[in-house]
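Reader: Hello! I am new to reading protein structures. Could you walk me through the aromatic rings and the cysteines?

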Amino acid sequence: MPELPEVETVARQLAPAVAGRRIERFSILDELLRKQPTPPLRGRTIVSVFRLGKQVAFELGPRPSRDVDPLWLLVHLRMTGRLIAEPEGGRGRPPHLRALFTLDRGRLLFIDTRRFGTFCWVRDLEEGRPAGVDPVSPEFTPERLDALIEGSPSPIKPWLLRQDRIVGLGNIYASEILHVCRVSPHRAAGSLKRRERRALHRATVEVLERAIENCGTTFSDFQDARGVEGSYQQFLAVYGREGERCKRCRGTVEKIVQQQRSTFWCPRCQH
Ligand SMILES: [Zn+2]
């Protein structure tokens, strides 16, 4: 499942390839993507591509002299969804193609082997905005984290996965963040002292920004928009390193299960 940095990477890589392009044809090849009626798209221009929570958002400008309203397509990649831009065009239909945009130059493909990815069309971007705060936006301040976390009895690791609190974190980065700020995944979220909450805030921003710089961590099914694997994996300190030496204290990285999700941590340096 791609987490925030991977989705950010996809949006950043797609933007220069498809922004400004006009949609000449749009085909849905998988009925599962038709849960919502598809608005007419021909003639609309892809104005911008950006990340909204864990979704890739496409701002679609009005068709000249036909619409007045902008429209947004929000794509949730889920497990295996990939958005591939082919700026020079391309031919044929690759396996697992679920939707295809033919542009005035090139095309944009949505490929998804497991078919969990979703399309959502909104006329008002607020409808698509996730409930949680975006941890790489200016809204994510230490004070905001304090307010979100206050009084929560949940262990901090599962708490970090709550999309209605902080959006975009999954198992990988939640484990990494707690390792950076040396907080045990078992601690009740609401029990963190002010100093620890500040460290958690810093670690969250730092880990995500570094991951974005490194094009997102890549696991088996995830590939970024150009079909190139991300390069962050080698920077992971605990995730996927069960039984190996902690890079900081030489303790042993352990794997535990919290609320059915695996957590990787170093009991020696995360108190
Ligand atoms: Zn350690």
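Author: Gladly! Let us start with a word we will need: a residue is called buried when its relative accessible area is under 20%, and exposed when that area is over 50%. Please keep in mind that this is a predicted model.

Reader: Thanks! How many aromatic pairs does the structure hold?

Author: There are five aromatic pairs. One of them joins Phe26 and Phe101, a tilted pair with 4.5 Å from centre to centre and 40° between the planes. This pair ties together distant parts of the chain, since Phe26 belongs to strand β1 and Phe101 to strand β6, 75 residues apart.

Reader: Are Phe26 and Phe101 buried or exposed?

Author: Both Phe26 and Phe101 are buried.

Reader: Why is the pair of Tyr239 and Phe264 edge-to-face?

Author: Planes over 60 degrees apart count as edge-to-face. The planes of Tyr239 and Phe264 stand at 65°, so this pair earns that label, with ring centres 4.9 Å apart. Tyr239 sits in the loop between α5 and β9, while Phe264 lies in strand β10, 25 residues away. Tyr239 and Phe264 are both buried.

Reader: Which residues do ring pairs link into a cluster?

Author: The cluster is made of Phe26, Phe101, Phe110, Phe119 and Trp121.

Reader: And how many disulfides are there?

Author: A disulfide needs two cysteine sulfur atoms within 2.5 Å, and here the count is zero.

Reader: Why does Cys246 count as buried?

Author: Cys246 has 0% relative accessibility, so Cys246 counts as buried. Cys120, at 27%, counts as partly exposed.

Notes. Residues are numbered from 1 along each chain as its sequence is written. This is a predicted model: local features need pLDDT of at least 70, side-chain atom pairs count only at pLDDT 80 or more; totals for chains, interfaces and linings use all residues. Side-chain values use heavy atoms; hydrogens and water are left out. Rings of Phe, Tyr and Trp (its six-membered ring) pair if their centres lie within 6.5 Å; planes under 30 degrees apart count as stacked, over 60 as edge-to-face and the rest as tilted. Helices (H or I, at least four residues) and strands (E, at least two) are DSSP runs, numbered from the N terminus. Buried means under 20% relative accessible area, exposed over 50%, partly exposed in between (1.4 Å probe, protein chains only).
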